[in-house]
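Dear colleague,

I am handing over the structure below, together with an account of what was found in it. Please read the notes with the coordinates open beside them.

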Amino acid sequence: MYRRVLLKISGEALSSTERPVCFEKIEKTALDVKKLHDAGIQVGIVTGGGNIMRGRDAAEQDRSRMDNMGMLATAINALALQDCLIRIGVPTVVMSAVAMNRFCEEFTARGAVQALEDGKVVLFAAGSGCPYFSTDTAASLRALEIQADALLLAKNIDAVYSADPKKDPNAKRYSHLTYQKVLDDRLQATDLTAITLCREQGLPILVFALKEIERVAAGETVGTRIDNVEA
């Protein structure tokens, strides 16, 4: 179904209630990523940093500085995930939007594409490298730069709903949406900047539960697909 994808994994998926960086959870996530890699799909990954630091939550501090801390948090998560992937036999490289050559390579689109074609999973750290942009927006940007077939948003919920299904039992589950529908109804699929960027470039988005990643690798219909195709 896909030749190359950009997978966005939230920082919360790598944490537990006891530890912000939980290697048991990270090892499980690494095994999920391996399923895509073993299916012959080239995989780029953007990790969030919300398990350690989320800039937009620091209302009383300087937002730019807090976002810089959030970028460092994504690098910690990327390095942890790289360690687990390498230990299960998946060649992996970390590329950062912010220069930190002691820990990872500096991002270039050409270098990332070459690494993907060489069979490596590429972990993109430090978001977009700029404050005020979420890691979802960074994921859409990196997906376009590596010419991915789709942006895969692995969430802790199985699809996009009209409301929070945990709070509203009548929330409608969507299997397909247009970008415009997401924007018009302000659905919580991803942030508006990421949706707008994907719409402008025609990049399909798949929102699904991380536990369903094997079905994604097999080309099965899961979660919610967002594109320009009218139902």
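Thr-47 is a convenient place to begin, since this residue is buried, with a relative accessible area of 1%; please keep in mind throughout that the model is predicted. Thr-47 belongs to strand 2, and its side chain comes to 3.2 Å from the backbone oxygen of Thr-74. Setting aside residues up to four places away in sequence, Thr-47 touches Lys-8, Ile-9, Thr-74, Asn-77, Ala-78, Leu-81, Phe-124 and Thr-135.

The strand that holds Thr-47 is part of a wider sheet. This is an open sheet of nine strands in the order 4-3-5-2-1-6-10-11-9, and the pairing is mixed. Strand 4 (105–106) and strand 9 (176–178) stand at the edges with a single partner strand each, so one side of each has no neighbour in the sheet. Further in, strand 6 and strand 10 pair in the parallel sense over five bridges, and Ala-154 stands opposite Phe-208 in strand 10.

Which residues have the most contacts inside the largest nonpolar core? They are Leu-7, Val-43, Ile-45, Leu-152 and Phe-208, within a core of 36 residues. The elements that give two or more residues to this core are strand 1, helix 1, strand 2, helix 2, strand 5, strand 6, strand 10 (205–209) and helix 7, and helix 2 gives the most, with six residues. A second, separate core has 31 residues, among them Phe-124, Val-160, Tyr-179 and Cys-198. To return to the largest core, Leu-7 touches, beyond four places in sequence, Val-33, Leu-36, Val-43, Gly-44, Ile-45, Val-46, Leu-152, Ala-154, Phe-208 and Ile-213.

Two of the residues touched by Leu-7, namely Val-33 and Leu-36, are also among the buried residues of helix 1, which include Ile-26, Thr-29, Ala-30 and Asp-32 as well. Viewed down the axis of helix 1, the buried residues fall within an arc of 160°, so they line one face of the helix. The general background is that an α-helix has 3.6 residues a turn, so residues three or four places apart point the same way. The cover over the buried residues of helix 1 includes strand 1 (4–9), strand 2 (42–47), helix 2 (63–87), strand 5 (121–125), strand 6 (150–155) and helix 7 (213–217). As a check on the geometry, the 16 residues of helix 1 (residues 23–38) should span 22 Å at 1.5 Å a residue, and the C-alpha atoms at its ends are 22 Å apart, which agrees. Just after helix 1, Gly-40 takes a positive phi of about 85°.

Helix 3 (residues 109–117) can be described along similar lines, with Ala-112, Val-113, Ala-115 and Leu-116 buried. Seen down the axis of helix 3, these buried residues fall within an arc of 160°, so they too line one face of the helix. Their cover includes strand 1, strand 2, strand 3 (92–96), strand 5 and helix 4 (135–145). Helix 3 is followed by Gly-119, whose phi is positive, near 90°.

Helix 4, which helps to cover helix 3, is also the place of Thr-137. Is Thr-137 buried or exposed? Its relative accessible area is 8%, and with the cut-off for burial set at under 20%, Thr-137 counts as buried. Leaving aside neighbours within four places in sequence, Thr-137 is in contact with Asp-191, Thr-193 and Ala-194, and the side chains of Thr-137 and Asp-191 make a polar contact at 2.9 Å. Thr-137 and Cys-22, by comparison, are 115 residues apart in sequence and 25 Å apart in space, C-alpha to C-alpha.

Finally, two backbone angles deserve a look. Most residues other than glycine have a negative phi. Gln-147, however, has a positive phi of about 60° although it is not a glycine; this residue is found in the loop between helix 4 and strand 6 and counts as exposed, at 59% relative accessibility. Arg-186, likewise not a glycine, has a positive phi near 50°. The place of Arg-186 is in the loop between helix 5 (179–185) and helix 6 (192–201), where Arg-186 counts as exposed at 58% relative accessibility.

With best regards

Notes: Residues are numbered from 1 along each chain as its sequence is written. This is a predicted model: local features need pLDDT of at least 70, side-chain atom pairs count only at pLDDT 80 or more; totals for chains, interfaces and linings use all residues. Side-chain values use heavy atoms; hydrogens and water are left out. Helices (H or I, at least four residues) and strands (E, at least two) are DSSP runs, numbered from the N terminus. The expected span of a helix is 1.5 Å times one less than its number of residues. Buried means under 20% relative accessible area, exposed over 50%, partly exposed in between (1.4 Å probe, protein chains only). The arc is that of the directions from the helix axis to the C-beta atoms. Contact means heavy atoms within 4.5 Å. A nonpolar core is a set of buried Ala, Val, Leu, Ile, Met, Phe, Trp, Tyr and Cys residues joined through side-chain atoms within 4.5 Å. A polar contact is a pair of N or O atoms within 3.5 Å; within protein, one must be able to donate a hydrogen and the other to accept it, and residues adjacent in sequence count only if both atoms are side-chain atoms. Two strands pair if DSSP finds at least two bridges between them.
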